[in-house]
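Ready for a short tour? Open the model in your viewer and keep the selection tool handy.

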Amino acid sequence: MGNIYFTSDLHLGHNRDFIFGPRGFTNVQDHDETIIRNWNALVQPDDVVYILGDIMLNDNVKGVRNFNRLNGTKYIILGNHDTRERKEIYKTQLINTTVIGNATTFKYGKYNFYLSHYPTITSNNDCEKPLVRKVINLFGHTHQKVNAYSDQDAMYHVGLDSHDNEPVEINDIITWLENHHEEYIKKLEKKKARGA
């Protein structure tokens with residue numbers, strides 16, 4: 001097996017400026033072609049990609065055609081735009097693709113993840129624990145430009161909007177999470193010291 005990547009909110013074929021504009025494009029054609037080019041420059045045929053929702057909108061025929069140009073074995077977590085009709089299309093017309101459902105757990109090395117389209121708080125904010133003792137939420141949906149969710153610990157946005165229109169590799173996610181966790185603990189310690 002090759003590398004493992006995550007992404008979300010491809011919005012292939014979504015001909016709305018509020019989607020492609022903030023990503024740096026003037027039209028949906030350039031948007032889709034850049035996503036495909038970026039994806040295939042990173043993801044090799046033996047790699048795996050988990051897509052956390054919102055695959056395509058509007059023209060399903062064009063969406064399927066563009067999606068099937070993407071390298072790798074793909075696993076889909078459904079998002080709010082992945083309708084019942086699209087779910088059936090995903091199951092029958094997308095190559096090298098499996099639809100998982102609305103959410104799933106995922107283990108990588110000593111890390112435990114909860115994969116969902118929507119941001120989901122998966123810990124009791126027990127920040128003293130190391131990340132390997134938490135369930136980390138990987139999510140999409142928000143189209144935010146930063147990886148953290150409301151400065152929460154153990155939550156990471158995998159969407160295209162915070163990753164220069166590219167999927168992100170699992171080890172890069174873990175490195176970011178570990179650094180964020182250290183900073184998060186330092187901030188809390190400073191707050192405690194000020195309150196003491």
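Select helix α4 (residues 84-93) and look for Arg86, Ile89 and Tyr90, which are buried (under 20% relative accessible area, with exposed meaning over 50%, partly exposed in between, for a 1.4 Å probe and protein chains only). The buried residues of α4 pack against α3, β3 and β4 (97-101), where contact means heavy atoms within 4.5 Å. Arg86, Ile89 and Tyr90 lie on the same side of α4, because they cover an arc of only 100° around the axis (taken from the directions from the helix axis to the C-beta atoms). Now turn to the face away from that buried side: Arg84, Glu85 and Thr92 are exposed there.

A word on the model: it is predicted, and local features need pLDDT of at least 70, side-chain atom pairs count only at pLDDT 80 or more, and totals for chains, interfaces and linings use all residues. Residues are numbered from 1 along each chain as its sequence is written, and side-chain values use heavy atoms, leaving out hydrogens and water. Helices (H or I, at least four residues) and strands (E, at least two) are DSSP runs, numbered from the N terminus.

Next, select α2 (residues 28-42). Its buried residues include His31, Ile35 and Trp39, and the buried residues of α2 pack against elements including β1 (4-7) and β2 (48-52). At the N-terminal end, Asn27 caps α2, with a side-chain oxygen 3.1 Å from the backbone nitrogen of Gln29.

Finally, show the open sheet of 4 strands, ordered β5-β6-β7-β8 with mixed pairing (two strands pair if DSSP finds at least two bridges between them). Its edge strands are β5 (103-108) and β8 (155-157).

Methods
The expected span of a helix is 1.5 Å times one less than its number of residues. A polar contact is a pair of N or O atoms within 3.5 Å; within protein, one must be able to donate a hydrogen and the other to accept it, and residues adjacent in sequence count only if both atoms are side-chain atoms.
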